[in-house]
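Trainee: Could you take me through one part of this model in detail, and then place that part in its surroundings? I would like a connected account rather than a list.

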Amino acid sequence: MLLAGLAATGCTPDAPALQGGWVGTHPERGHRLRGELPQASGPLRKTGVLIVGGGIAGLACARALARRGIDDFALLDLEDQPGGNSRSHVVGSAPCPLGAHYLPLPGPEAHEVNELLHELGLAREQAGRTVWDERWLCHSPQERLFIDGPNGGYWHDGLLPPPDGAASLAQYRHFSALVARAQRGLGFAMPSHRTRWTAGHAALDAQPFAAWLDGQGLSDARLRWYLDYCCRDDYGADATTVSAWAGLHYFASRHGFHAPGDEAAEREPVLTWPEGNGWLSQRLAEPLRERIHTGRTVLRVTEQRSGVELLAWNEAAGAPERWAARAVVMAAPLFVSARLLTAPPDALRALKQRHAPWLTASLLLREPLLTRPGAPPSWDNVRYGSTALGYVDARHQSLDPTPRPPLLTAYVALPAARRGELLARPWQHWARIVTAELAQTHPDLPAKVERIALCRFGHAMSIPTPGLRGSAELAALNAQRGRVVFAHGDLAGYSVFEEAYTVGVEAAERLSL
């Protein structure tokens with residue numbers, strides 16, 4: 001198990017010293033809120049609307065305002081690059097994701113996202129159907145799973161483990177039928193608020209996914225590992241932590257769950273780029289660059305009789321800044337907004353929301369890895385039985401035929417108890433953990449790593465714990481109108497592009513200007 005005991009595991013004895021470091025995030029900036037705030041000084045900057053936070057929701061809100069002809073706004077973000085969890089980095093002159101790395105083709109309920117993708121040239125309508133730009137649909141082979149065995153293990157095509165006999169297959173089929181029944185009987189959508197919330201949804205939301213699976217008699221080890229993997233991948237926590245609503249929503253809001261051999265459906269198509277969803281955030285930010293102010297750590301937001309006043313720290317100048325506006329969009333994580341607002345609404349004070357720490361590591365290799373039996377190298381590569389989330393090949397979508405050294409981006413969702421360790425331990429500690437995990441499937445990898453770039457997110461994503469999605473607090477914050485509105489993926493109870501983009505667009509509509 002990666003998280004249980006690999007901290008002391010190092011590379012092979014003959015491997016050269018690792019070169020690398022932390023990239024992408026600056027935890028010390030956010031932690032300015034823990035200390036004494038500076039005195040407000042200097043000239044007062046004025047604008048019509050302030051947007052606090054430059055993640056996908058903040059960028060979507062800014063874009064929506066601009067499309068309405070409102071150009072009197074400013075977006076402030078504490079990092080040096082907007083995009084939140086959807087940003088990118090460059091290692092060895094090649095782009096790679098820092099966080100989110102793909103976007104499933106949106107369904108009809110995500111009409112704001114569909115509109116965006118059409119405007120970006122990723123989709124077009126032809127003869128009454130949507131045609132996608134095949135350059136950015138994930139190329140084959142898409143996914144593979146490494147399964148250990150008596151002969152050294154093999155790569156299985158796809159991420160769903162093959163069932164272990166007839167009884168195992170029966171459980172796969174039973175879960176498939178339960179997902180289909182939930183789709184028909186309750187309804188699920190992405191974004192989730194586009195489906196009416198019912199007593200049936202609330203009953204699922206009230207219990208852990210693992211408990212619900214136990215109640216359905218679903219105990220097959222391979223199926224349960226896969227469902228844990230899916231929960232960690234989207235929610236940052238396993239089935240014992242997330243709600244049954246969230247566990248079913250993962251499948252029912254998209255293309256369901258298909259047991260092996262039951263349906264000849266293709267894998268769910270996804271859009272992806274070498275830089276991951278950084279491709280999207282860069283194109284959202286580029287037209288707004290004159291109104292985006294990065295390296296601004298917001299420290300306090302005060303609602304006044306005729307508007308709002310904001311205190312920020314200019315990281316480059318090392319000095320405070322004062323801002324005033326008629327209205328503000330709080331596009332930061334909700335627990336951060338609760339700290340920033342001098343008078344947060346009751347719903348925000350009362351909200352109980354947990355966030356998962358997250359680690360990504362991009363590894364530039366000197367030469368290709370040795371092949372193992374089974375499925376060929378794919379875009380997404382995962383090890384069965386691991387609590388890590390595997391790695392994606394950042395060069396998989398490249399259209400350049402020139403041979404290049406491999407560039408892999410590995411993902412680890414950490415338990416909340418290790419958040420302090422993620423902040424305190426040096427990058428070399430985490431580099432050893434990541435390379436040791438990857439060496440389980442690629443024993444030759446540690447000796448071939450030329451450079452590793454690690455990115456840590458202390459509060460990467462909201463975990464949809466039981467009771468969160470249907471809480472009165474989230475409902476109130478989603479509906480709030482006036483001079484102070486909220487726009488963040490946290491409002492959905494979990495973090496995906498479709499939810500964050502939609503709440504950003506909707507927040508622009510709820511502002512009182």
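What follows is a close look at the largest nonpolar core and the elements around it.

Mentor: The model is predicted, and everything below should be read with that in mind. The largest nonpolar core has 75 residues, and those with the most contacts inside it are Ile 51, Leu 65, Leu 310, Val 329, Met 330, Phe 486 and Tyr 501. Helix 3 gives the most to this core, contributing eight residues. In soluble globular proteins, nonpolar side chains tend to be buried together.

Leu 310 makes a good place to begin. This residue lies in strand 14, which covers residues 307-314. Because its relative accessible area is 3%, under the 20% limit, Leu 310 is classed as buried. Leaving aside residues up to four places away in sequence, Leu 310 touches Leu 50, Val 52, Leu 76, Val 298, Arg 300, Val 301, Glu 321, Arg 322 and Trp 323.

One of these contacts, Glu 321, leads on to a salt bridge, since the side chains of Glu 321 and Arg 296 meet at 3.2 Å, N to O. Glu 321 lies in strand 15 (residues 319-330) and Arg 296 in strand 13 (residues 296-304), so the pair ties together parts that are 25 residues apart in sequence. Both partners count as buried because their relative accessible areas stay under 20%: that of Glu 321 is 7%, and that of Arg 296 is 14%.

Another contact of Leu 310 is Leu 76, and Leu 76 belongs to strand 3. Five of the five residues of strand 3 (residues 73-77) are buried, so this strand is largely enclosed by the rest of the structure. Phe 73, Leu 75 and Asp 77 point one way from strand 3, while Ala 74 and Leu 76 point the other way, and burial holds for all of them. Strand 3 pairs with strand 2 (residues 44-52) in the parallel sense, over four bridges, and within this pairing Val 49 has Phe 73 of strand 3 as its bridge partner.

Tyr 501, also among the residues with the most contacts inside the core, gives a view of the helical surroundings. Not counting residues up to four places away in sequence, Tyr 501 touches Ile 56, Ala 60, Arg 63, Glu 112, Val 113, Leu 116 and Leu 284. Of these, Ile 56 and Arg 63 are in helix 3 and Leu 284 is in helix 10, and they recur where the two helices touch: Ile 56, Leu 59 and Arg 63 in helix 3 meet Ser 281, Leu 284 and Ala 285 in helix 10. The axes of helix 3 and helix 10 (residues 278-285) come within 10 Å and cross at roughly 35°, and the crossing is left-handed.

Helix 3 also takes part in a salt bridge, in which the side chains of Arg 67 and Glu 119 meet at 2.9 Å, N to O. This pair links distant parts of the chain, with Arg 67 in helix 3 (residues 56-67) and Glu 119 in helix 4 (residues 111-119), 52 residues apart. In contrast to the buried pair described above, Arg 67 counts as partly exposed at 47% relative accessibility, and Glu 119 is likewise partly exposed, with a relative accessible area of 43%.

To place this part in the wider model, the count of salt bridges comes to 23. Another of them joins the side chains of Lys 448 and Glu 367 at 3.9 Å, N to O; here Lys 448 is buried, with a relative accessible area of 11%, whereas Glu 367 is partly exposed, at 42%. Salt bridges that share partners also join Arg 29, Arg 32, Asp 80 and Glu 315 into one network.

Beyond the core discussed so far there is a second, separate core of 65 residues, which includes Val 91, Cys 96, Leu 223 and Leu 227. As for the sheets, an open one of eight strands has the order 1-20-16-19-18-17-9-10, with mixed pairing. Its edge strands are strand 1 (20-22) and strand 10 (154-157), each of which pairs on one side only, and neighbouring strands of this sheet are turned by 25° against each other on average, direction ignored. At the strand 10 edge, four bridges join strand 9 (residues 143-147) to strand 10 in an antiparallel arrangement, and Phe 146 stands opposite Trp 155 in strand 10.

Conventions
Residues are numbered from 1 along each chain as its sequence is written. This is a predicted model: local features need pLDDT of at least 70, side-chain atom pairs count only at pLDDT 80 or more; totals for chains, interfaces and linings use all residues. Side-chain values use heavy atoms; hydrogens and water are left out. A salt bridge is a side-chain nitrogen of Lys or Arg within 4 Å of a carboxyl oxygen of Asp or Glu. Buried means under 20% relative accessible area, exposed over 50%, partly exposed in between (1.4 Å probe, protein chains only). A nonpolar core is a set of buried Ala, Val, Leu, Ile, Met, Phe, Trp, Tyr and Cys residues joined through side-chain atoms within 4.5 Å. Contact means heavy atoms within 4.5 Å. Two strands pair if DSSP finds at least two bridges between them. Axes are lines fitted to C-alpha atoms, for helices over the stretch in contact, and angles run from 0 to 180 degrees between N-to-C directions. A crossing is left-handed if the near helix is turned anticlockwise from the far one by less than a right angle, and right-handed if clockwise.
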